Amino acid sequence: MYVLKIKFNFAKMDQIIGKHIIRLQKVESTNNYANSQLKVNKLQDGSVFLAYEQSNGRGQTNNFWESEPGKNLTFSIVVFPYFIDIRRQFMLSKVVTLGIYKALFEYVDDLRIKWPNDIYVGNKKLGGILIENSIMNSLIKSSVIGIGININQTAFLSNAPNPVSLKILTNQQFDCEQVLSEILSGIDFYYSLLKDGEEEQIDKEFISVLYHLNEKHRYLADQEVFEGEIIGVNEIGQLLIKKETGEVLDFHFKEVEFLQ
Ligand code: BTN
């Protein structure tokens, strides 16, 4: 005899993120689709555009985001975070990555957030995020938060350097809808903390799960290789690395490369 365990995960009554989910069979990119819908329709705060297949999924710095149709999660969330000043836009990255972390940490060991907003397990990339903000009067008027998480794909064909999926890591098949609903609840949790002004708690949790935190590793910046320890992230989202000399350097995205 066996007991079938079914984990129910209904959206909370007051949940904003994911209350309204638009399911799409095939789009170029859910971020493109969400951006075009923003222009022509009045969208509900927290609307989610979920695609079974993307023909031209976009990654950071114009890379292609590989995802086999139906095997993974590829979706975009639209929010209207008018309460976030543009100088604090990295708070959104923190909220989103922490929400994903909260949803996935029970499934795999060694889950980390790799600055600025990758989801890592060990030295492999499980997911990535592409946030596109539109600004008005130095506040974020709307934000399209594109999320790709590798769930059941076992072979990756593109030249992405180090992809991994939940299935590769655990040898188990996952229910994408179940994982989606857990991720949306996780992001909703941190998004409402942010709305409530709980930035200190968010910062503390974000730092505590940072990849390579307080460990000695090699980095490349300005054509120089150096050894240092990540000690945190400042309020404008720059990565802080302490060199062996004690000097602390700050970096914007793409100004520093992680070497192993
Ligand atoms: C990265 O390069 O790490 C960011 C990847 C973001 C991929 C997701 S998949 C859903 C959404 N639509 C896109 O075209 N990109 C994002």
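Helix α2 (residues 90-104) lies across four strands, β4, β5, β6 (124-136) and β7 (139-149), and runs at about 35° to β7. Helix α4 (residues 176-195) packs on the sheet too, where it touches β1, β2, β3 (73-79) and β7. The direction of α4 makes about 30° with that of β3. Keep in mind that this is a predicted model.

**The sheet**

- Seven strands make up an open sheet, and if you walk across it you meet them in the order β1-β2-β3-β7-β6-β5-β4.
- The pairing in this sheet is mixed. As background, strands of a sheet pair through backbone hydrogen bonds, and they can do so in a parallel or an antiparallel way.
- Why is one side of β1 and of β4 left without a neighbour in the sheet? Both β1 (21-27) and β4 stand at the edges with a single partner strand each, so there is no neighbour for the other side.
- On average, neighbouring strands of this sheet are turned by 20° against each other, if you ignore direction.

**Two strand pairs to look at**

- At one edge, β1 pairs with strand β2 (residues 47-54) in the parallel sense, over six bridges.
- Within this pair, you'll find V27 standing opposite Q54 in β2.
- Strand β4 (residues 111-114) pairs with strand β5 (residues 118-121) in the antiparallel sense, over four bridges.
- How many residues does the hairpin use to join β4 to β5? The hairpin gets from β4 to β5 through three residues.
- For a spot to find in this pair, try I113: its bridge partner in β5 is I119.

**The nonpolar cores**

- The largest nonpolar core has 62 residues, and the ones that touch the most other members are L73, F75, I77, I100, I147 and I149.
- Take F75 as an example: leaving aside its neighbours within four places in sequence, its contacts include T30, V48, F49, L50, I145 and I147. Also among them are L180, I183 and L184.
- There is a second, separate core of nine residues, with L24, A34, A51 and V78 among them.

**The largest pocket**

- The largest pocket has a volume of about 1100 Å³.
- Its lining is made by 50 residues, and those nearest the centre of the pocket are Q60, N63, D118, K125 and P161.
- Which elements give two or more residues to this lining? They are α1 (30-40), β3, β5, β6, β7, β8 (216-221) and β12 (257-258).
- The largest share comes from β6, which gives four residues to the lining.

Key. Residues numbered from 1 in each chain as written. Predicted model: local features only at pLDDT ≥ 70, side-chain atom pairs only at ≥ 80, totals over all residues. Heavy atoms only, no water. Core = buried A, V, L, I, M, F, W, Y, C linked by side-chain atoms within 4.5 Å. Buried < 20%, exposed > 50% of the residue type's maximum accessible area, 1.4 Å probe, protein only. Contact = heavy atoms within 4.5 Å. Pairing = 2+ DSSP bridges. Axes fitted to C-alpha atoms, helices over the stretch in contact; angles between N-to-C directions. 1 Å grid on protein atoms, 1.4 Å probe; cavity = no way out; pocket = protein on both sides within 12 Å on 5 of 7 lines; lining within 4 Å. Points joined across faces, edges and corners; volume = space filled by probe spheres on them.
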